[in-house]
Amino acid sequence: MKRYKKQGESPDGRCSFCGLSYHHPSELIEGLSGSTICTGCVSICTQMLGKGKRLGTREPFHKEHLIKKLLPPSEIKKQLDEYVVGQERTKKVVSVGVNQHYKRIINPTPRQDVALEKSNILLIGPTGCGKTLIAKTLAKILDVPFAIGDATTLTEAGYVGEDVENLLLRLIQASDYDLNRAERGIIYIDEIDKIARTHNNPSITRDVSGEGVQQGLLKMLEGTISNVPPQGGRKHPEQEYIRINTTHILFIAGGTFDGIENSISRRIGRKQIGFDAETRDLDELGLGEILEHIEPEDLMEFGMIPEFIGRFPITCIVKPLDLEAMIKVLTEPKNALVKQYQEFFRMENSTLNFNEEALEEIAKKALEKKTGARALRAIIEELFLDTMFELPSSKEERNFVITPEMIKGLEPIKPVGKESLPISKKKAS
């Protein structure tokens, strides 16, 4: 056998098993016959041999393949509250929808005249407001396999890009190739608004990354037996597929749908908003408040086909974060950035506290970037870059109190003595 460590050393730069071009600095191994295999295929073969079975075979079904315990909606929302700030109505709607989805799996109705259909979920809202976090946290709460796919990489079958079945492959891999468990997992499709059709009028030009992808997703979303290529990439007749049933897979899709508020505004005009019969100009309404009035016709005008909209009967609005919500994101969730950095400082025998005004200044800077909570991490990491670079070099106990002047760059971050530790109006815990 011969190993190739650099691109261009092998005869054709391709793996003979998956057929993918060799672009990464991993090893290609050539056999005596001249065939080559990449390290990715070696890893898959190792898993197959270790399990004593071929990929795509199904073990006998056992109860442990179901979720361990179906939580009531109130408990699901309670655990969502530990990670997701605000979005109260969205968390309540999602909790009910997820509970009903898995209830129909665990306790199928014996009645012949009733058919319980699954309810996929569509999350609509600006970037950085918690759409992905909600989906990821749901999978963690229920202890089911979870996979994330980006709709922008998908194209209609036969064109350059990814097939929609690659979404299922990610879920299968997250389930360690346990198909029974994978068939009860959650798939989150991000940037779903990017597959809106690019034209409203019939055209001879195929919309291979828009309407074509929506059509390709329909059967998968509703429930079908899909053939998934085990190495990913495009299908070809030589591959042996993994067959997976999508009937019990919960699909959650999220998108910003930028500009759809204009369609909603034109439709509702200056009608009365809310049950208080208060009439206000739409200019006075926030984005989240306008999005609450979204209807299927608005999604169709945006470029989503009716059949696709029908596969997502539950639509939730994720509202933009205001200043107060930003501060809560910084301090309250289990994975809050303030808590994380306080723990990092504790590991280095130091303490970290923030003045209330400093937290407000960070939140203001994040709002200016208009990328939601994602901006918070960038600001915090830039703020503590030099400190975290030097802190591990000394084991001396030090205390840090962050002030607004430090956030603005007017003062350097430096430790203070215990006796001079400022007392803020509100400390982040």
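The lining of the largest pocket comprises 12 nonpolar, 8 polar and 6 charged residues (Ala, Val, Leu, Ile, Met, Phe, Trp, Tyr, Cys and Pro count as nonpolar, Asp, Glu, Lys and Arg as charged, and the others, Gly among them, as polar). The model is predicted, so local features need pLDDT of at least 70 and side-chain atom pairs count only at pLDDT 80 or more, while totals for chains, interfaces and linings use all residues. Residues are numbered from 1 along each chain as its sequence is written, and side-chain values use heavy atoms, with hydrogens and water left out.

A pocket here is an open set of points on a 1 Å grid over the protein atoms alone, where a 1.4 Å probe fits, with protein on both sides within 12 Å along at least five of seven lines; lining residues have an atom within 4 Å of a point. Helix H4 (131-142), H13 and H15 each supply at least two residues of the largest pocket's lining (helices are DSSP runs of H or I, at least four residues, and strands are runs of E, at least two, numbered from the N terminus). H4 gives the most, with 4 residues.

Helix H13 (residues 337-347) also has a buried side: Leu 337, Val 338, Tyr 341, Gln 342 and Phe 345 are buried (under 20% relative accessible area, against over 50% for exposed and in between for partly exposed, with a 1.4 Å probe and protein chains only). These residues lie on the same side of H13 because they cover an arc of only 135° around the axis, taken from the directions from the helix axis to the C-beta atoms. The face turned away from the buried side carries the exposed Arg 346 and Met 347. Just after H13, Asn 349 takes a positive phi of about 60°.
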